[in-house]
Amino acid sequence: MSVVGVAGAGVMGIGVTQNLAQTGHRVVLVDTEQQVLDAALQKIEAQLRMSRMLGGPAVDTAAAMALISTGVDPKALAEVDFVIENIPERWDLKRALYLEMDRICDPATVFVVNTSAIPITEFAAVTGRPEQLVGVHFMNPVPMKTAVELIAGEHTSAETVRRTRELLNAMGKKAIDVKDVCGFISNRVLMLTVNEAAFLVHQGVATAEAVDEVFRSCFGHPMGPLETADLIGVDTILHSIDVLYQHYRDSKYRPCPLLRTMANAGRHGRKSGRGFYEYGPTA
Amino acid sequence: MSHNDPSAVVAAFLQQRFPHVEIAHDEDIFALGLVNSLFALELVMFVEKTFGFTVPSDEMRIDSFRSIDAISALVDRQSATV
Ligand SMILES: NC(=O)c1ccc[n+]([C@@H]2O[C@H](COP(=O)([O-])OP(=O)(O)OC[C@H]3O[C@@H](n4cnc5c(N)ncnc54)[C@H](O)[C@@H]3O)[C@@H](O)[C@H]2O)c1
């Protein structure tokens with residue numbers, strides 16, 4: 001079974017690591033701070049214990065935890081078969097990490113970009129292994145979601161796509177092929193919806209509760225757009241809309257000022273305890 | 001931390017999370033539609049942090065968290081074992 005490196009132990013890195021470990025993969029989880037890694041392990045352990053109750057598989061928590069090692073130095077990723085990268089949706093940060101990983105990692109290692117919106121071919125351009133780089137837009141919470149968007153960049157080889165699909169299948173995911181455009185399919189639509197919902201609150205037209213209630217009760221969505229924003233992370237929403245705006249230069253993607261205020265104020269949603277709503281402890 | 005009345009503590013937590021809903025102590029919060037998997041996670045974390053124990057795997061089921069009374073009984077069972 002493949003050994004998988006996971007870069008970034010935030011919302012997505014935690015979910016990806018849990019999903020990999022509960023399906024029997026060895027994982028090397030890397031972040032910049034030990035404190036973040038310790039909190040991530042605590043959260044993964046809690047989520048594994050609760051897996052069955054939350055409608056997932058029954059998991060041997062101790063066995064799954066034993067498959068995970070952590071490190072603050074990207075050199076820990078030197079010998080893995082895949083790296084799934086989940087650091088923040090900011091080109092400057094991601095670009096620097098790909099330059100570094102390209103030097104550190106075995107030439108055979110496949111780089112899997114988990115991004116909300118940045119086109120995959122832009123990453124290929126900063127590495128010496130454009131055929132071995134592919135995009136996977138995971139859905140959140142990762143262990144509970146059964147499908148992902150799979151994005152081959154301009155140079156991605158058929159073999160890389162095949163191996164990645166195999167890994168995704170082993171994780172219990174169906175991979176839906178999507179073209180390499182900014183925002184792919186999901187976030188071309190979802191980010192506009194979330195942004196417009198934020199404008200409704202910003203302009204005093206409706207409360208967050210009212211907006212979400214309409215989506216839940218009228219459309220039958222399990223969650224409204226602003227609860228979804230709190231789940232994703234308000235900072236991540238803002239970064240993603242910024243990326244769409246930069247790429248398309250279309251004013252329909254101008255970010256709602258409320259999102260920027262909330263991101264600056266640390267009201268990032270579930271992960272910070274407060275966003276459009278308030279939350280209890282999560283780990 | 002000592003909690004003589006766990007049900008009051010749990011009720012206060014639910015009240016703060018769902019300010020617009022009145023929840024009776026024996027009411028099924030899952031049936032009320034308040035609880036999705038994300039909130040279930042929060043609820044378990046709240047109980048573990050507040051009452052200072054780890055929910056054992058045989059108690060990690062919906063029935064143990066179904067109502068304020070059920071959670072309170074869970075807390076009592078756990079305090080009885082330490
Ligand atoms: N949150 C979602 O719902 C969601 C869904 C799909 C895709 N994504 C995408 O996944 C990526 C990660 O998002 P997230 O929500 O997990 O973000 P996050 O902010 O929760 O976590 C990012 C983590 O990366 C770490 N980090 C930063 N620089 C690093 C580096 N150089 N090396 C290692 N770790 C580093 C941070 O310390 C943090 O722990 C983003 O590109 C985002 O757009 C997010």
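Biologist: How far is an oxygen atom of the ligand from an N or O atom in the side chain of Lys271(A)?

Modeller: They are 3.4 Å apart. A polar contact is a pair of N or O atoms within 3.5 Å; within protein, one must be able to donate a hydrogen and the other to accept it, and residues adjacent in sequence count only if both atoms are side-chain atoms. Keep in mind that this is a predicted model, where local features need pLDDT of at least 70, side-chain atom pairs count only at pLDDT 80 or more, and totals for chains, interfaces and linings use all residues. Residues are numbered from 1 along each chain as its sequence is written, chains are lettered from A and ligands numbered from 1 in the order in which they are written, and side-chain values use heavy atoms, with hydrogens and water left out.

Biologist: Which atoms of Asp31(A) and Ile232(A) face the ligand?

Modeller: For Asp31(A), a polar side-chain atom sits 2.7 Å from a ligand oxygen. Ile232(A) uses its backbone instead: an N or O atom there is 2.9 Å from a ligand nitrogen.

Biologist: How much of the ligand does the protein bury?

Modeller: Accessible areas come from the Shrake-Rupley method with a 1.4 Å probe. Alone, the ligand exposes 840 Å², and the protein buries 86% of that.

Biologist: Which residues come nearest?

Modeller: A residue is near if one of its heavy atoms lies within 4 Å. There are 23 around the ligand, and Met12(A), Asp31(A), Glu89(A), Lys94(A) and Ser116(A) come nearest. The shell splits into 9 nonpolar, 10 polar and 4 charged residues, with Asp, Glu, Lys and Arg counted as charged and Gly among the polar ones.

Biologist: Now the sheet. What is its strand order?

Modeller: Strands are DSSP runs of E, at least two residues, and helices runs of H or I, at least four, numbered from the N terminus. Two strands pair if DSSP finds at least two bridges between them. Here 8 strands form an open, mixed sheet in chain A, ordered 3-2-1-4-5-6-7-8. Strand 3 (68-71) and strand 8 (174-177) of chain A are the edges, each pairing on one side only. From one strand to the next, the twist averages 25°.

Biologist: Do strands 5 and 6 of chain A run parallel or antiparallel?

Modeller: Parallel, with 3 bridges between strand 5 (residues 110-113) and strand 6 (residues 133-137) of chain A. Val112(A) has Val134(A) in strand 6 of chain A as its bridge partner. Strand 6 of chain A then runs antiparallel to strand 7 (residues 147-152) of chain A, joined by 4 bridges, and Val134(A) stands opposite Ala152(A) there.

Technical notes:
Axes fitted to C-alpha atoms, helices over the stretch in contact; angles between N-to-C directions.
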